[in-house]
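I opened this notebook to record a few local features of one chain fold. The structure is displayed first, and my entries follow.

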Amino acid sequence: GARGRRAVGACARVGVGAVAAVLFLAGLMWRAWLAVGGPWAAGAAARAARRLGERVQPFGAESEVQERLSYLVYYWRARLRWPARLLAVLAFLAFAWHRPGAAYFGLIAAAAAAAVYVTPHAPWSEIVPQPAAAAAAAACLCCYLLPRISACVLGVAVLVGTYFLSGYLCLAATAIAAGFYLFPQVLLLLLGLAAWILFLIALPVLCLGLTEFGTLTYFFPFTGPFLHVVALCILFSLDTPSLFPRLAVFLALLWFFPRIVLSLVTLLAIWMALPILRTAKARLVQLAERPYGVGGEAVPEKVKTGEQAIALVLGPEDEKPHPPPSHYDVLNSNRAAMPSELKSSYRRMALLLHPDKNPEERAAVAFKRVTEAYETLSSPLSRAEYDASLDGGLFGFAGDETDDADENTGGAFVPPDAGTAGLPPGVKKRRAKPMPRRR
């Protein structure tokens, strides 16, 4: 009755007052945070960013040590690019096999990000701007909560996007999307089989060995590795029969006491690996000091005249085709040269080939070629990519650098805008002398 209504009213007033007090305290705390905590948070973020930068670049952004370490990272990243991509695909397939839902979301997010990234450079950029592509990508991610709708939207987006590229590509993308939606496990198996076939083509012996070992270990976790150890012991015994009794005792102990034997073998391997680790440490120190090479290549003889410099850069003036020289040959240097040595070589070659210094007709073309070579080798990233292309990848794929040939250069590289390069460092800009008029 009346008491109940009064109790409800009192409770409502207490609740409203409590909510108002909480909101008031939240407003005071927010104002205090804006007044005091905001600058402190900004300062803490700046300090954290500075410490992170010092950890990432402990020797300074412009130091020689940092430049050498950057070159090593970029070089091996270029050499191992395709194996890393193959391992990433295999890891994604293994993750998708165990977590198909999370892998499906990651695939949708990656496809959306890639579509937004390539939109300014794609044929459909004139019709679909990048903001619209970003909005469509966000819509696809929101539709992840509804798998059927997201699959339909993704299929339509892939169908429309690839239609601008090729009809066959559109048909293949549509088939892959439909197969992944209808038969996800089967499609993952097919993709894994395709990755395995690529691995088999690239490294057949290693692929077959790892496949056999992985299959046997999967079905027989202990017996499989034990059989491989037995095979190795038999191979050793064939060369030296006196080791057969000792290896037999070792195999018997390994079969009955696997943990103890493996622990002892691990300790023995660590003790035997100490000299190897010391040698590897010395090699790494030497590699960090001179990452560009150890001076195995002979230092070329320095050119002294402008004619020799033009012949070195563009080749002799004859009708015989000549292979284009590398950037190091153009700079009259070698691969083991440090950045300071490359810079001095560039300055000397630029002084010999500058149009104001050299009246030859091909001097401007040679000067442009030297400038391009130094621009490539002056940056750690571009130099690492160029050296990796010279050495080839892990599978021996060399860089496909096809330089155009010209009739006047004997097959050497001729830039399209030869003669318009800027001046090198150390060369002052001079006005060209006026040519005498013919009477």
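**Entry 1: helix H13 and its end**

I looked at what follows H13 and found Gly 315, whose phi is positive, near 90°. The model is predicted, so I kept to its rule: local features need pLDDT of at least 70, side-chain atom pairs count only at pLDDT 80 or more, and totals for chains, interfaces and linings use all residues. Residues are numbered from 1 along each chain as its sequence is written, and side-chain values use heavy atoms, with hydrogens and water left out.

In H13 (residues 306–314; helices are DSSP runs of H or I, at least four residues, numbered from the N terminus), I noted Gly 306, Ala 309, Ile 310, Val 313 and Leu 314 as buried, that is, under 20% relative accessible area with a 1.4 Å probe, protein chains only. Seen down the axis of H13, these residues fall within an arc of 100° (taken from the directions from the helix axis to the C-beta atoms), so they line one face of the helix. Their cover includes H14, H15 and helix H16 (363–377), contact meaning heavy atoms within 4.5 Å.

**Entry 2: Asn 332**

I located Asn 332 in the loop between H14 (327–330) and H15 (339–353). Asn 332 has a positive phi of about 60° although it is not a glycine. Most residues other than glycine have a negative phi. Is Asn 332 buried or exposed? At 3% relative accessibility, Asn 332 counts as buried.

How values were computed: Helix = DSSP H or I, 4+ residues; strand = E, 2+ residues; numbered from the N terminus. Buried < 20%, exposed > 50% of the residue type's maximum accessible area, 1.4 Å probe, protein only.
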